[in-house]
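Keep the sequence and the 3D view open side by side. The paragraphs below walk from the core outward, with a stop at the metal site.

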Amino acid sequence: MTSVTVDPSGTFLTWQSDAGPLRFHAIWLRDNAQDAQTRAPGNGQRLITLGDIPRNTTIDTAVLTDDGHVDVRFLPEAKSVRFQLDWLGERAYDRDISRERARLESGVTLWNCDLEENLPIGDFEHLQSDGEALGDWLGNILRYGFALVRNTPAEPEALFKIVELFGYVRETNYGRLFEVRTEVNPTNLAFTGLALQAHTDNPYRDPVPTVQVLHCLESSAAGGENMVVDGFAAALKLRSENPKGFDLLADYCARFEYSGEPGVCLTARQPMIELSPDGALVGIRFNNRSLSAITDVPFHLMEEYYAAYRRLAQLIDEPSSAVSFRLNPGDAFLVDNTRVLHARKGYAGVGTRWLQGCYADKDGIRSTYDAMKRAGR
Ligand code: FE2
């Protein structure tokens with residue numbers, strides 16, 4: 001039998017929910033009131049500041065209703081507010097809250113080369129016309145940090161149509177899009193297109209672009225397959241074999257820089273492995289080309305830091321870590337640039353390879369996905 005009791009101090013109430021007792025503070029409840037004077041009915045935004053709520057707010061009474069609500073009366077305002085019990089249950093904070101270091105946030109699945117058998121792929125026309133297909137595809141990006149798209153128009157700027165599925169292009173000093181174009185010279189049949197080590201893009205930006213899209217327009221040269229690597233999986237492997245090395249890469253900032261064109265001097269001071277303040281693994285920055293001199297690691301730890309950096313690179317480079325695929329004209333892929341590293345194998349022979357790339361942001365993916373879920377797609 002559910003019940004609600006108010007502590008004699010009036011500073012909190014206890015709801016005996018089906019999941020057990022849940023306590024809520026008077027100040028928390030008052031600040032989260034959902035009535036029309038506290039929250040704008042249209043957009044849900046808060047209309048008051050904390051300064052509008054008396055510092056000595058307490059709960060006078062809390063009465064359950066028959067239809068799953070609790071009516072709470074606050075003093076000294078003598079204000080009554082109705083709360084849905086389900087709403088409170090979803091926001092309960094009187095529970096064990098994990099602060100486990102290097103934990104994954106919910107919904108994230110680690111992967112390795114085995115995912116090649118079951119690549120997350122969307123068909124462009126389906127993604128445009130079928131909300132369920134789009135929801136599944138966005139959900140895969142949130143889960144795995146990357147996804148492919150097949151059957152896009154093999155036309156310049158078609159990658160913008162992919163971004164329009166969930167958000168907006170992030171324009172940079174490279175433009176709204178950048179060209180990745182190589183013509184393999186027939187007089188030089190060696191590996192003219194250099195392989196690139198797996199990396200995240202633009203770690204010298206703050207904030208980094210959190211999504212990259214690469215779209216294939218021409219691909220007649222042999223080789224040049226794209227690869228992606230789960231940076232979270234590599235970081236956690238490093239931690240399991242060398243916890244101190246993981247901590248060094250997470251607790252000390254690296255420095256990244258790009259100043260390769262006139263008028264541009266992008267610098268960032270950020271760790272290679274980023275944890276949230278409460279310990280969740282939230283980001284990877286890894287790019288051998290744009291790492292600059294590291295000056296935030298003390299002398300007595302620098303050699304160990306470099307050993308950890310070297311080992312992380314080895315783990316990223318392991319063939320078993322990578323998922324490979326070939327992009328044909330009209331194919332594209334999208335990575336969460338805060339988690340998944342991308343690479344290109346070398347290519348050779350005669351032919352052309354033309355991709356266009358652009359940046360966008362992950363908050364659009366999360367927003368579109370969550371809005372679809374809330375709308376009960
Ligand atoms: Fe890149």
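Which residues in the largest nonpolar core touch the most other members? They are Phe246, Leu249, Met272, Ile273, Phe286, Tyr305 and Ile316, out of 36 residues in that core. Bear in mind that this is a predicted model. Several elements give two or more residues to this core. The helices on that list are H6 (231-241), H7 (243-251) and H8 (299-317). The strands are E14 (226-230), E15 (254-258), E17 (273-275), E18 (281-284) and E21 (340-344). H8 supplies the largest share, nine residues. In soluble globular proteins, nonpolar side chains tend to be buried together.

Now zoom in on leucine 249. Leaving out residues up to four places away in sequence, Leu249 touches Leu238, Pro271, Met272, Ile273, Tyr305, Ala308, Tyr309 and Leu312. Leu249 is also one of the buried residues of H7, together with Gly245, Phe246, Leu248 and Ala250. The buried residues of H7 pack against H6, E17 and H8.

There is a second core, separate from this one. It has 26 residues, including Leu142, Leu165, Val211 and Ile365. Ile365 comes back below.

Next, the metal site. Which residues coordinate the iron ion? His199 and His342 each do so through NE2, and Asp201 through OD. The distances are 2.1 to 2.2 Å. The donor spacing in sequence reads H-x1-D-x140-H. Histidine 199 lies in strand E11 (residues 196-199) and histidine 342 in E21, so the pair ties together parts that are 143 residues apart in sequence. Are these two histidines buried or exposed? Histidine 199 is buried, at a relative accessible area of 4%. Histidine 342 is buried too, at 5%.

E21 deserves a closer look. Five of its five residues are buried. In a regular strand the side chains alternate between the two faces of the sheet. Both faces of E21 are covered. Val340, His342 and Arg344 are buried on one side, and Leu341 and Ala343 on the other. E21 also has strand partners. E11 pairs with E21 in the antiparallel sense, over two bridges. There, leucine 196 stands opposite arginine 344. E14 runs antiparallel to E21 as well, joined to it by five bridges. Aspartate 230 has valine 340 as its bridge partner in E21. E21 thus meets three topics at once: it gives residues to the largest core, it carries the iron donor His342, and it pairs with E11.

Move on to helix H9 (residues 362-374). Its 13 residues reach 18 Å from the first C-alpha to the last, close to the 18 Å expected at 1.5 Å a residue. Which residues of H9 are buried? They are Gly364, Ile365, Thr368, Tyr369 and Met372. These cover an arc of only 125° around the axis, which puts them on the same side of H9. An α-helix has 3.6 residues a turn, so residues three or four places apart point the same way. The face turned away from the buried side of H9 carries the exposed residues Asp363, Lys373 and Arg374. What covers the buried residues of H9? The cover includes helix H4 (131-144), strand E12 (211-219) and strand E20 (332-336). Ile365, on the buried side of H9, is the residue listed above for the second core. Just after H9, glycine 376 takes a positive phi of about 70°.

Loops can hold buried residues too, as leucine 177 shows. Leucine 177 lies in the loop between strand E9 (169-170) and strand E10 (178-184). With a relative accessible area of 16%, leucine 177 falls under the 20% cut-off and therefore counts as buried. Apart from residues up to four places away in sequence, Leucine 177 touches Glu157, Leu159, Phe160, Gln356, Gly357 and Cys358. By contrast, aspartate 67 is 110 residues from leucine 177 in sequence and 54 Å away in space, C-alpha to C-alpha.

Finally, step back to the whole chain. It has nine helices and 23 strands. Along its principal axes the C-alpha trace spans about 85 × 60 × 45 Å. Of the 377 residues, 47% count as buried. Among contacts between residues at least 6 apart in sequence, 74% join residues at least 24 apart.

How values were computed: Residues are numbered from 1 along each chain as its sequence is written. This is a predicted model: local features need pLDDT of at least 70, side-chain atom pairs count only at pLDDT 80 or more; totals for chains, interfaces and linings use all residues. Side-chain values use heavy atoms; hydrogens and water are left out. A nonpolar core is a set of buried Ala, Val, Leu, Ile, Met, Phe, Trp, Tyr and Cys residues joined through side-chain atoms within 4.5 Å. Buried means under 20% relative accessible area, exposed over 50%, partly exposed in between (1.4 Å probe, protein chains only). Helices (H or I, at least four residues) and strands (E, at least two) are DSSP runs, numbered from the N terminus. Contact means heavy atoms within 4.5 Å. Donors are N, O and S atoms within 2.8 Å of the metal (3.2 Å for Na, K and Ca); water is not among the atoms, so sites may look incomplete. The expected span of a helix is 1.5 Å times one less than its number of residues. The arc is that of the directions from the helix axis to the C-beta atoms. Two strands pair if DSSP finds at least two bridges between them.
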